[in-house]
Amino acid sequence: MTALTRILSTTAFKLAAIYLTSFTALSVFLFIFISQNTDDLMNKQVVQTVDAEIQGLAEQYAQNGINGLVVGVERRVRSPNSNLYLILDYSGNVITGNIAYLPEKVLSESDGRIQFVSYTPLGLPETDENKAKAIVRIFELPGNFKLLVGRDLEDQVHLKSLLGDALTLWLVGMVVLAGITWFFLNRRILKRIDNLSMSSRQIMEGDLAGRLDVTGNGDEFDRLASNLNVMLDRIEELMKGLKEVSDNIAHDLKTPLTRMRGRVEAALRRDLNAKEGRECLEDTLVETDELINTFNALLRIARVEAGSTGAQLEPLQLNTIVNDVCELYEPVTEDDGVAFSVSTEAELTIEGDRELLAQALANLIENALKYGRPTEENAKPAIKVVLSANDEQAILSVEDNGAGIAEADRERVCNRFVRLDSSRHAPGSGLGLSLIKAVVTLHHGELQLTSAGSVDDSGSDEQSGLCARIVLPLTKGPRGEGEGNEAWDKAQKKNATS
C-alpha cells in the first residue's frame, strides 16, 4: 500500500472529505439562494424607480409636449444618479440623453416592456470594457419620437461580485479548515488508534501481559482502552487458570491413575481367587468414581464461570434455601457429634439460581464437616450457619471451630486442586471452594474467608476456626410495589413447591 493510498483510506481523510463536500454544497446553495433573491428584490426596486421616472416625464409631456419632455430629460441628465434617458427623433438621431450607444435591435422594440440591455455610457468610447448593464423601457411617442427611460445595474453587478468573492473566500477557508481537521485527526486521533493497534498486535503475538496505553484524558479512547484492559486482565487470569488446571491435572490425577495401574498390574501377576479379585475390582471402581467426580466438578466449575449452565437468576428467598439445606444436614451432623446451629433472618430476597446457591452452601457445610475439627482433645466440633443482612447485602456465613486457614493461604485455597497439608488426610479433590467462588461470582457476590471465634458450647474464646462468608446483593424489599409483587409471589410459589 502506497503512502497516498494509505492516506486516502484513513478515516480522518474520509471525514474531512465528507465535511468539506457537505459544507461546500451548503455554501453554494446558500450563495445561489441569497444571490437570486437579492437580484430579484433589487430588480423590483429598479423597475419601481424607472416607472416613477416615466410617470414624472409623462406628466411633463402631457403639459408641455415634446419640448417640455426634452427640457425635463436634460435637467435629469445633469443630476448625478444611475438613471438613464434617451430621446430620439423620427430619423433615429439623438435629441438628448446620457447613452452613447445602444443596439439597434433594442431601439426597434418600443413597446414599453422591461428589457435587460448592454449599453455604453455617454462620453466613453464604444468598447467591450466600457459596456454596462441596465434595465430600460422604450416608448414610441407621436411624431415617431422615441423615449428611453432606464437605470444602470452597476450596483447589482458589484453586489454579485462581492458575493462571489465572499463565496470564494469561504470555500478557501473551508479547505483550510478541512486540512487542519485532517491534520489534527491524523496526528492525534489516528496516532492513538495506531498505538492501540500496535499494542493489540503485540498481545496477539503472545504477550498477554501487555496492555493498551491510557493517557488519562478521560476521552473515548481512554474508556475503550480501560475496558479492553479489563478484558485482557480477565483473559490473562483465565489463561493462567487454564495453565494451573492443566498442571494440577497432570500432577494430582497422576497419582490415582498410577495407583490404579499398579493395583491392576499386581492383580495380573498374582493368581487371585474370586474374593480377592472382587476386592481389587471394587477398589479400582472407587478410584474410578473419584476421578469421574473430579472431572465432573471441573466441568461444572468451567460452565459456571463461562455462564453456560443455563441458570436463570430470579427472585428467591435466601432464608428458605438456607433452612432447607441445613435441614438436610442436621441428621448428618448429629450422627457425627457436631454441634450444628442455624440462625436466619426472615424474607431476604436476592436474584439467583436456587440449585447453584444450595450447592454452594452444601459445599461449605461439607468442608466444615471434613476439615473443621478442633485440634484440642475432648473439644466438641461445632458448625454455625448465620444468615444476616445490611441495607444492600445478604451475608451468609458458615463458621467452624477447627484449625482454620492461615491468612497467607486464604486466597490461594480458592484455586483449583489446592489442598493444604493439614487437609490431605481427608478425601477430596480441592475443587469445593473453586466451585463456590464461581457460583458467588455468577451471582455478582463475593466469597470471604476469615478467622472465626469459638462456636463451641464451652464458652472458651481460645479456639479459632474458619468463617466462610458469602456476600450477595439484595433486591428491592420483600414487599415492593408494582411489578415487584408479581416476581415476589412467583418466587414464593416456586420455593414452596421446591
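These are short exercises on a predicted model, each with a worked solution.

**Exercise 1. The setting of Ser434**

Task: Find which helix holds Ser434, decide whether this residue is buried or exposed, and name its polar partner.

Solution:
- Step 1. Locate the residue. Ser434 sits in helix 10, which spans residues 432–442.
- Step 2. Check accessibility. The relative accessible area of Ser434 is 4%. The cut-off for buried is under 20%, so Ser434 is buried.
- Step 3. Look for a polar partner. The Ser434 side chain comes to 2.8 Å from the backbone oxygen of Cys414.
- Step 4. List the contacts, leaving out neighbours within four places in sequence. Ser434 then touches Ile301, Cys414, Asn415 and Arg416.

**Exercise 2. The largest nonpolar core**

Task: Work out which residues touch the most other members of the largest nonpolar core, and which elements supply it.

Solution:
- Step 1. Take the core's members. The largest nonpolar core has 45 residues, and Ile365, Val385 and Ile470 touch the most other members.
- Step 2. Assign the elements. Those giving at least two residues each are helices 7 (274–306), 8 (318–335), 9 (354–371) and 10, with strands 10 (382–389), 11 (393–400), 12 (446–452) and 13 (465–473).
- Step 3. Pick the main contributor. Helix 9 gives the most to this core, with nine residues.
- Step 4. Inspect one hub. Beyond its neighbours within four places in sequence, Ile365 is in contact with Val325, Cys326, Tyr329, Phe340, Ile383 and Val385.
- Step 5. Look elsewhere. Another core of 15 residues lies apart from this one; Val50, Leu57, Leu69 and Val70 are among its members.

**Exercise 3. Ile321 and Leu357**

Task: State how far apart Ile321 and Leu357 are in sequence and in space.

Solution:
- Step 1. Place Ile321. This residue belongs to helix 8.
- Step 2. Judge its exposure. Ile321 is buried because its relative accessible area is 2%, and buried means under 20%.
- Step 3. Compare the separations. Ile321 and Leu357 are 36 residues apart in sequence, while their C-alpha atoms are 7.8 Å apart.
- Step 4. Check for contact. Setting aside residues up to four places away in sequence, Ile321 touches Leu316, Arg354, Leu357 and Ala358.

**Exercise 4. Salt bridges**

Task: Identify the partner of Lys160 and the helices that this pair links.

Solution:
- Step 1. Start with the total. The whole structure has 15 salt bridges.
- Step 2. Find the pair. Lys160 bridges to Asp39, with the closest N and O atoms 3.6 Å apart.
- Step 3. Trace the link. Lys160 is in helix 4 (residues 154–204) and Asp39 is in helix 2; the two are 121 residues apart.
- Step 4. Compare exposure. Lys160 is partly exposed at 40%, whereas Asp39 is buried at 17%.
- Step 5. Examine another pair. Asp128 and Lys131 form a salt bridge at 3.7 Å, N to O. Asp128 is exposed at 61%, and Lys131 is partly exposed at 41%.
- Step 6. Look for shared partners. Glu109, Asp111 and Arg113 are joined into one network by salt bridges.

**Exercise 5. A nonpolar surface patch**

Task: Give the accessible area of the patch that includes Leu30, and classify Leu30 itself.

Solution:
- Step 1. Collect the members. Leu15, Ile18, Tyr19, Phe23, Leu26, Phe29, Leu30, Phe33 and Ile34 make up the patch.
- Step 2. Read the area. Together these residues have about 860 Å² of accessible area.
- Step 3. Place Leu30. This residue is in helix 2, residues 11–78.
- Step 4. Classify Leu30. With a relative accessible area of 40%, Leu30 is partly exposed.

Terms used: Residues are numbered from 1 along each chain as its sequence is written. This is a predicted model: local features need pLDDT of at least 70, side-chain atom pairs count only at pLDDT 80 or more; totals for chains, interfaces and linings use all residues. Side-chain values use heavy atoms; hydrogens and water are left out. Helices (H or I, at least four residues) and strands (E, at least two) are DSSP runs, numbered from the N terminus. Buried means under 20% relative accessible area, exposed over 50%, partly exposed in between (1.4 Å probe, protein chains only). A polar contact is a pair of N or O atoms within 3.5 Å; within protein, one must be able to donate a hydrogen and the other to accept it, and residues adjacent in sequence count only if both atoms are side-chain atoms. Contact means heavy atoms within 4.5 Å. Patches are made of residues with over 30% relative accessible area and no salt bridge: like charges are joined within 9 Å, nonpolar side chains (Val, Leu, Ile, Met, Phe, Trp, Tyr) within 5 Å. Accessible areas come from the Shrake-Rupley method with a 1.4 Å probe; for residues, only the protein chains shown count as cover. A salt bridge is a side-chain nitrogen of Lys or Arg within 4 Å of a carboxyl oxygen of Asp or Glu. A nonpolar core is a set of buried Ala, Val, Leu, Ile, Met, Phe, Trp, Tyr and Cys residues joined through side-chain atoms within 4.5 Å.
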